[in-house]
Amino acid sequence: MSNVTEDIKSRIDIVDLIKEYIQLTPAGVNFKAQCPFHNEKTPSFFVSAEKQIWHCFGCGAGGDIFEFVKKIEGLEFPETLRILADKANVKIDYNYSPELKNQKTKVLDILESSADYFHQLLLKDKDAQQARDYLEKRVIDKEAIKKFNLGYSKDTWDNLLNYLRDKKFSDGDIETAGLVVKSKKDNKFYDRFRGRLMFPINNIFGQTIGFTARILKKDDQQGKYVNTPQTIAYDKSSVLYNMDLAKMSIKQKNYTILSEGQIDVISSYMAGVKNIIASSGTALTPQQVRIIKRYSENLMIAYDADKAGLKATFRIVDNALLENMNIKIIEMPKGLDPDQLIKEDKQKWLDAIKNAKPIMDFVFDKILSIGDLNDVFSKKQMAKKLLIFISKFRDDIERETYLKRLSELIDVDYNLLKEKLDAFINKKQKISSFDKVDDSEYVPFKLNKKEELLKKIIALGINFTNNLEYLASNLELEYINKDVIDDLYKEMIIYYTKNNSFDLKAFKKALDKDKNDLLDIIVFIFENEYSDYDQNRAFVDIQPLVKAYKKEYLTEELKKLENSLKLIEKQGDKKEIEKITKEFVSATHKLNNIS
């Protein structure tokens, strides 16, 4: 397996991979960015092109391309391996390596097979004529059908089920993929999607994770659209239609166009405007906003101009402003969506994009157009609506700019409006403090302080041999646990005491892969934090690090002993109580001596 992972790593440049997710800027021989794994203002996330590793000096996370994709996508190793193997064009025979499969990869295999089957049905099956006629009517040609892998589900109860059974997939796995439903009457499975036009929904890597199925028959009792339910592969709150095809165009043009539906996306993409995605009928969630922000901070919204479209637009704006996105509105002619506008005149779509309005220009125009500035009550209502909207901006400069503009437009004293705005902001902050927010990507991280201290201690040890003598005498192995970094420290001290010298290259050769990868990160830390140190400064700095490490270690030990003592006291084991008490007193004494 190590040969496979090394082959993949040799074919994928870590800088290019991470650039697909976040904006990297040069920092000497390395690259830096704001960490995608915790909130920070000053960039502490660094990428080494030479070593092909990344490390965040703020939260301590780090590793290679596998660790990055696992962490940012929330994946296990089998799914990460599959994604990166496809990207690197490395073939893996999963049948001979069952350990490389898990429930999610099985589901992805089922969904891929289903998407291909639906596509072939649309192209060749006589029952799919209604779907082909619909696409022809919408001017979706064969090239678009192929590009977006559109399909057709037969209007039977078990057509897909039997096809997948023939492919040796189990009923349980097919159900887990969201493709079948179990009947409550006879406990049998039947196809979820029947007699519908199928739009495969892909993740950002192009893997099919679900479907949107559009009605074709007028007498269909189900809704106009039926979607894949929540599964281990499909999470509605983080899915964006066409992001897999649009992401590079978004980065190149530095803005994303957000539309309502799949047909809008397909028409725009085939017309040459490829930086377009759809939220698939949902308001934009915080997770979706963050995915969009990976590629650009600039968002253009192209929703219908009717009342429902405006309402949806403003819901999207709320979450986008929380992430400090720069928002513009593409104003659609009333009654037309992007698809219809492109069919009428492609240039009109291009002009609409070019003339997109900054969000506050749009809001000012909309609110002031329905009020009367000569009527006091109307003026009061307009001011309230605009102040509420201005309060949603997180940047003080933006708030100040729009507040001055409002004051001039409605001829009301700036200071009075400022008081009102501050009241709205304070009220909103109080409310938000009680709200439960699903913010898993930015949950405050708990830095493993002891581990980070030990990384720095090792960094100052391997590069200044005199420090190893100090460590051997002052950071004894009794303070070291059994994690990979602890084992690395032990091997470093043993190597030094055995040879009475330290050769980094020779030391690396004796380490296994996990410790070598960790040592690369530690060397990276040294290059970024200590490269200008001489021996004297390194010796001065390592002493407080050792002291701080011992304090952390002993504090942790005391907590463990305290918990053990409480448990043993309940059991009444006097000998064990006496033993743990002695250990507790000894650890307390050591901690006091350090302090």
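Reader: Where does the charged end of K71 sit?

Author: In this predicted model, the charged end of K71 sits over the ring of F37, 5.2 Å from the ring centre.

Reader: Which aromatic cluster does F37 belong to?

Author: F37 forms one aromatic cluster with Y21, F45, W54 and F68.

Reader: How many aromatic pairs does the structure hold, and how do I read one of them?

Author: The structure holds 26 aromatic pairs. To read a pair, look at the distance between ring centres and the angle between ring planes; planes under 30 degrees apart count as stacked. The rings of Y117 and Y163 have centres 3.9 Å apart and planes at 10°, so this pair is stacked. Y117 lies in helix 5 and Y163 in helix 8 (residues 159-166), 46 residues apart, so the pair links distant parts of the chain.

Reader: Are Y117 and Y163 buried or exposed?

Author: Y117 is buried, with a relative accessible area of 15%. Y163 is partly exposed, at 24%.

Reader: What about the rings of F148 and Y241?

Author: Their centres are 6.4 Å apart and their planes are at 25°, so F148 and Y241 are stacked. This pair also links distant parts of the chain, 93 residues apart: F148 is in the loop between helix 7 (142-147) and strand 6, and Y241 is in the loop between strand 11 and helix 10 (243-253). Both F148 and Y241 are buried.

Reader: Strand 6 borders one of those loops. How do I read the sheet it belongs to?

Author: Strands of a sheet pair through backbone hydrogen bonds, either parallel or antiparallel. Here four strands make an open sheet in the order 6-9-10-11, and the pairing is antiparallel. Strand 6 (151-153) and strand 11 (225-227) are the edge strands, each pairing on one side only. From one strand to the next, the twist averages 35°.

Reader: How many bridges join strand 6 to strand 9?

Author: Three bridges join strand 6 to strand 9 (residues 196-202). G151 has M198, in strand 9, as its bridge partner.

Reader: Which strands does helix 5 lie across?

Author: Helix 5 (residues 103-124) lies across strand 6, strand 9 and strand 10 (208-214), and runs at about 40° to strand 10.

Reader: Why is C56 not bonded to C35?

Author: A disulfide is a covalent bond between the sulfur atoms of two cysteines. The closest cysteine sulfur to that of C56 is in C35, 3.6 Å away, which is too far for a bond; the cut-off is 2.5 Å. C59 is in no disulfide either, as its nearest cysteine sulfur, that of C56, is 3.7 Å away. The count comes to zero disulfides.

Reader: Are C56 and C59 buried or exposed?

Author: C56 counts as buried, at 0% relative accessibility. C59 counts as buried too, at 14%.

Technical notes
Residues numbered from 1 in each chain as written. Predicted model: local features only at pLDDT ≥ 70, side-chain atom pairs only at ≥ 80, totals over all residues. Heavy atoms only, no water. Buried < 20%, exposed > 50% of the residue type's maximum accessible area, 1.4 Å probe, protein only. Pairing = 2+ DSSP bridges. Helix = DSSP H or I, 4+ residues; strand = E, 2+ residues; numbered from the N terminus. Axes fitted to C-alpha atoms, helices over the stretch in contact; angles between N-to-C directions. Contact = heavy atoms within 4.5 Å. Phe/Tyr/Trp six-rings, centres within 6.5 Å; stacked < 30°, edge-to-face > 60°. Lys NZ or Arg CZ within 6 Å of the ring centre and 35° of its normal.
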